[in-house]
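This note is addressed to a colleague meeting the structure for the first time. Please read the numbered points with the model in view.

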Amino acid sequence: MFVSTNTCDGKGECIKQCPTKAIRLINGKALSCLTCGLCYKNCPSNAIFINSYGGYVVDRAKCSGCGMCMYNCPINNIKIEEGVVYGICSRCGVCEEACPSHSRIDSFKLTEEKQLEFIKSLSNALPTYKGVPHKPSETTEVSRSYFTTDYNNCIYCGRCEKYCPTGTIQVTLDRDEGICSDCGLCSDVCPNGAMNKSHVVNKSTCTLCLNCLKACPHNAISIEKFKINVNHINQKPEGSIVSCINCGLCAELSENDSLRYEDSKLRYDPTEDVGENISKAHKIAIDSCPAATLKEDDEMLLVNEITGEEQNTLSGFCVSCGNCVKVCENDARLFKVATWDGSITDDCISCGICCEVCPEEAITLHRGTISVDLDKCILCENCSVHCPVDAIPRTTMHKKEIIDGFCFIEQQLCMHCGLCYDICPYDAINKNDGKFEVDEDKCKYCGACKNACPANAFMFERNFKDSIEEI
């Protein structure tokens, strides 16, 4: 909720600007909706929902005007005018911006005790304790251990990918087929040591077993007139490498007990994949993977004891064996600990995508920033993978990119408050004769307008696609 400090002079600029009429004067001080949620809990039509800001919005298309929200409001703040419900705070933050004396404060910035003292000082009836004050997280940092890549040293040879026992490393080399990547696999499989690390063949010891030719992942080795040739050029390697970030989200969301996250390490027992809905359980786990490395293994199949049919097992998850570090000849693979204190850059556009995709409901949106409940955060990086402006730090090159969508303002629901117009980072909202409309040519479908709207007047959809982006 938003509260007023003792410096409030009662001029009411916040009241004038509030789009939902959720602020009034009590004892010369501005008092607004407590965002306690009692209206939300008691609405028989399910017409009130919690938005990305942690505020409450009335869906006027569903609202029947029964008044249950008004009767249950502990501070008598809700009123119904011409069938429209007012007095419920959507936490848009306009009041804080409009206050000339800077007396309006977001209670997320206050301690629990100060919030309670403020409410009691106004002599208002208190709602139930649960959900009223926001208690700041006592955790100052969240961490996660994982194996990653030093991109300054990596030559994208694919050696780590070939030696990963669970197929969790995905390497793409931006180079034509048939050119050596310096992976060294040919040297590894040569039984006589005839192929050295520089891919020079010792003719006197080479037996033409052709192991090197068979092992080469890029078809860069050929044989001609009883002689092994390696097609090698000096070219700066470019590419991408994505691997499991060891967040454990797949194990947490999986509907069976075959995937476990124990002592910060993923473990998988395919014999625990039992039941009739294994494919569904696998899909949930795969879809939840922030790095998109988890997949079904087509090479290892098991017979389902219930259905009698063959079923796929899972692969693409890191078991923390460290083999990629051992085999990397460029010291590019390493073990690291990722940390995050919840801070983001100033590039945040208030799109709210991070709140929508967070599986732990650990993120709350604010105007131009977010707050993170670090007690809930597992550092899965789903938020940063989806962030369209890279305002949230991430450790994986995998990204989700917005490719298309649909954005339309329902004029019958629009309150003409202009919040969408003010917050759109791409100037995609046009104002024509007092009406607000979406310019589809400019819209990037970020969702900032939808989240800011206190009337749920936006019809909105967006679609993502997988992409690779440097970090």
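1. K21 counts as partly exposed in this predicted model, because its relative accessibility is 37%, a value that falls between the limits of 20% for buried and 50% for exposed residues. The residue sits in the loop that connects helix 1 (13-17) with strand 2 (23-26). Although K21 is not a glycine, its phi is positive, at about 55°.

2. F226 also has a positive phi without being a glycine; the angle is near 60°. Its position is in the loop between strand 11 (221-223) and strand 12 (228-230). With a relative accessible area of 75%, F226 is exposed, since the term applies to values over 50%.

3. Helix 10 spans residues 278-288, and its buried residues are I278, A281, H282, A285 and S288. Viewed down the helix axis, these buried residues fall within an arc of 135°, so they line one face of helix 10. The face turned away from the buried side carries S279, K283 and D287, which are exposed.

4. Against which elements do the buried residues of helix 10 pack? The partners are one helix, helix 9 (249-253), together with strand 14 (259-262), strand 15 (265-268), strand 16 (295-303) and strand 17 (310-315).

5. The largest nonpolar core comprises 52 residues. Those with the most contacts inside this core are W340, I363, I370, C407, I409, I429 and F458. Helix 12 (residues 353-357) gives the most to the core, contributing four residues.

6. I409 merits a closer look. Leaving aside residues up to four places away in sequence, I409 touches C414, C420, F436, E437, V438, A457 and F458. F458 is thus a contact of I409 and is also listed with I409 among the residues that have the most contacts inside the largest core.

7. A second core, separate from the largest, has 31 residues, including Y156, A285, C328 and M397. A285 is also one of the buried residues of helix 10.

8. The second largest pocket has a volume of about 320 Å³. It is lined by 14 residues, and the closest to the pocket centre are Y151, Y156, G239, M397 and E470. Y156 and M397 from this group also belong to the second nonpolar core. By class, the lining of the pocket consists of seven nonpolar, three polar and four charged residues.

Definitions and conventions: Residues are numbered from 1 along each chain as its sequence is written. This is a predicted model: local features need pLDDT of at least 70, side-chain atom pairs count only at pLDDT 80 or more; totals for chains, interfaces and linings use all residues. Side-chain values use heavy atoms; hydrogens and water are left out. On a 1 Å grid over the protein atoms alone, a cavity is a set of points where a 1.4 Å probe fits but cannot get out, and a pocket is an open set with protein on both sides within 12 Å along at least five of seven lines; lining residues have an atom within 4 Å of a point. Grid points are joined across faces, edges and corners, and a volume is the space filled by probe spheres set on the points. Ala, Val, Leu, Ile, Met, Phe, Trp, Tyr, Cys and Pro count as nonpolar, Asp, Glu, Lys and Arg as charged, and the others, Gly among them, as polar. A nonpolar core is a set of buried Ala, Val, Leu, Ile, Met, Phe, Trp, Tyr and Cys residues joined through side-chain atoms within 4.5 Å. Buried means under 20% relative accessible area, exposed over 50%, partly exposed in between (1.4 Å probe, protein chains only). Helices (H or I, at least four residues) and strands (E, at least two) are DSSP runs, numbered from the N terminus. Contact means heavy atoms within 4.5 Å. The arc is that of the directions from the helix axis to the C-beta atoms.
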